[in-house]
Amino acid sequence: MNTMSKILKLNKLMVAAVIVASLMGCSGNKGNSDNGGAQNANEAAEKPLTADEHSQIVEEVIKQQEDESPKSVDDEPLPLEMIKQTYKVPAELKYYQGTDEFLHEKIFPIGWSKDGYFAYALEPIDEAAGIYFFNLVIRNMISGQDVYVWKQEDEERESGSIKEMWSENNITFAEKLNEYKIIPQNDIKLLGTEFQAMGNKYKVTIENKMETDPDFGFEVVKTTNIFLKSPELGTKQVYSYTENDFNICLGRFVQGVIKSPYEDRVAVFVRAEERGFEGPPNLIKTLLVGCDLERSFKK
């Protein structure tokens with residue numbers, strides 16, 4: 001377990017930031033001036049904690065709680081400055097090699113919680129609107145519902161980037177991610193449609209039923225069903241959808257899965273090709289479907 005995970009596991013130690021500064025300040029020479037000690041402490045506090053520093057903080061927190069207050073450390077939120085440093089700008093998941101024929105959404109996975117929530121940032125497609133779009137999403141991968149969505153809604157914003165969004169809304173994002181106990185990961189990988197977990201083999205399959213659109217005359221996806229199959233456990237359906245009357249979905253595909261490091265659960269990564277509003281270039285959009293790897297299989 002890395003240092004960041006250890007910090008998050010302590011969950012909501014409000015006094016930690018103060019103790020960090022205090023410990024770093026005391027580690028300097030006794031001859032340092034007060035201002036110099038404070039500067040050294042501030043500089044040190046911005047650096048990642050080592051394992052020894054983390055252990056020392058834990059011991060000091062426990063001692064202070066035992067000596068000075070009967071209140072549980074779990075009753076207090078994590079310090080704001082520590083939250084801001086915890087959630088960095090996430091990296092883009094390279095799931096699709098775009099060409100001039102397609103416009104595709106960009107997705108930036110942030111991390112999982114230990115109870116089934118998955119957080120990610122999304123840059124939706126600007127289809128000639130002249131607006132920069134950005135969403136921050138926290139999705140419950142058990143219920144399949146988005147529990148929090150933040151959107152960039154400034155219609156005058158013609159350009160932007162995830163770095164700009166993160167810088168401008170760092171506190172808002174960090175507080176909400178911390179509220180749902182999202183643990184950031186720097187090594188999120190997209191596994192294939194065939195993968196192994198818990199000693200079992202799995203394969204994700206998709207079935208699309210096509211029909212000819214009566215207005216446009218081209219084939220579109222009418223229904224989609226996604227299944228998870230395992231030689232050891234059996235098969236279960238994880239997703240089913242029927243398009244409405246206005247249908248521009250030309251194809252739907254499973255790109256792979258993102259595995260939770262804390263549970264036997266995956267997010268099935270689905271991409272859909274939709275016809276552009278005025279024809280090509282067509283659009284590549286994304287969908288994440290939660291799936292438990294243990295229950296509800298049938299042989």
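Let me begin with one residue, Asp 213, which is buried, with a relative accessible area of 6%, where buried means under 20% relative accessible area, exposed means over 50%, and partly exposed lies in between, using a 1.4 Å probe and protein chains only. This is a predicted model, in which local features need pLDDT of at least 70 and side-chain atom pairs count only at pLDDT 80 or more, while totals for chains, interfaces and linings use all residues. Residues are numbered from 1 along each chain as its sequence is written, and side-chain values use heavy atoms, with hydrogens and water left out.

Asp 213 is found in the loop between E8 and strand E9, residues 219-230; helices here are DSSP runs of H or I with at least four residues, strands are runs of E with at least two, and both are numbered from the N terminus. Not counting residues up to four places away in sequence, Asp 213 touches Phe 218, Val 220 and Asn 247, and contact means heavy atoms within 4.5 Å. Of these partners, Asn 247 is 34 residues apart from Asp 213 along the chain, and the two C-alpha atoms are separated by 7.7 Å.

Let me now step back to the whole chain. There are 7 helices and 13 strands, and buried residues make up 42% of the 299 residues. If we take the contacts with a separation of 6 or more, 57% of them are between residues 24 or more positions apart. The accessible surface comes to about 17,000 Å², and 47% of that belongs to carbon and sulfur atoms; these areas come from the Shrake-Rupley method with a 1.4 Å probe, and for residues only the protein chains shown count as cover.

Next, the interior. The largest nonpolar core has 21 residues, and those with the most contacts inside it are Phe 134, Leu 136, Ile 138, Trp 166, Leu 177 and Ile 182; such a core is a set of buried Ala, Val, Leu, Ile, Met, Phe, Trp, Tyr and Cys residues joined through side-chain atoms within 4.5 Å. The elements that give two or more residues to this core are strand E2 (106-112), E3, E4, E5, helix H6 (162-168) and helix H7 (170-179). As for Ile 138, leaving out residues up to four places away in sequence, its contacts include Phe 118, Val 147, Leu 177 and Ile 182.

Staying with helix H7, we find Asn 170 there, and at 14% relative accessibility Asn 170 counts as buried. Beyond residues up to four places away in sequence, Asn 170 touches Lys 84 and Tyr 87. Met 82, in helix H5 (residues 80-86), is also buried, with a relative accessible area of 14%, and its C-alpha atom is separated by 9.6 Å from that of Ala 174, although the two residues are 92 residues apart along the chain.

Which residue in the loop between H7 and strand E6 (183-184) should we look at next? That residue is Lys 181, whose phi is near 60 degrees, a positive value in a residue other than glycine. Most residues other than glycine have a negative phi. Lys 181 counts as partly exposed, at 46% relative accessibility. Met 198, in the loop between strand E7 (194-197) and E8, also has a phi near 60 degrees, and at 38% relative accessibility Met 198 counts as partly exposed.

Thr 193 sits in the loop between E6 and E7, and counts as partly exposed at 26% relative accessibility. Setting aside residues up to four places away in sequence, Thr 193 touches Tyr 202, Lys 203, Val 204, Val 254, Gln 255 and Gly 256.

I will finish with the second largest pocket, which holds about 500 Å³ of space. On a 1 Å grid over the protein atoms alone, a pocket is an open set of points where a 1.4 Å probe fits, with protein on both sides within 12 Å along at least five of seven lines, and lining residues have an atom within 4 Å of a point; points are joined across faces, edges and corners, and the volume is the space filled by probe spheres set on them. The lining has 24 residues, of which Glu 105, Glu 274, Lys 285, Thr 286 and Leu 287 lie nearest the centre. Among the elements giving two or more residues to this lining are strand E10 (234-242), strand E12 (265-274) and strand E13 (282-292). The lining residues divide into 12 nonpolar, 3 polar and 9 charged, where Ala, Val, Leu, Ile, Met, Phe, Trp, Tyr, Cys and Pro count as nonpolar, Asp, Glu, Lys and Arg as charged, and the others, Gly among them, as polar.
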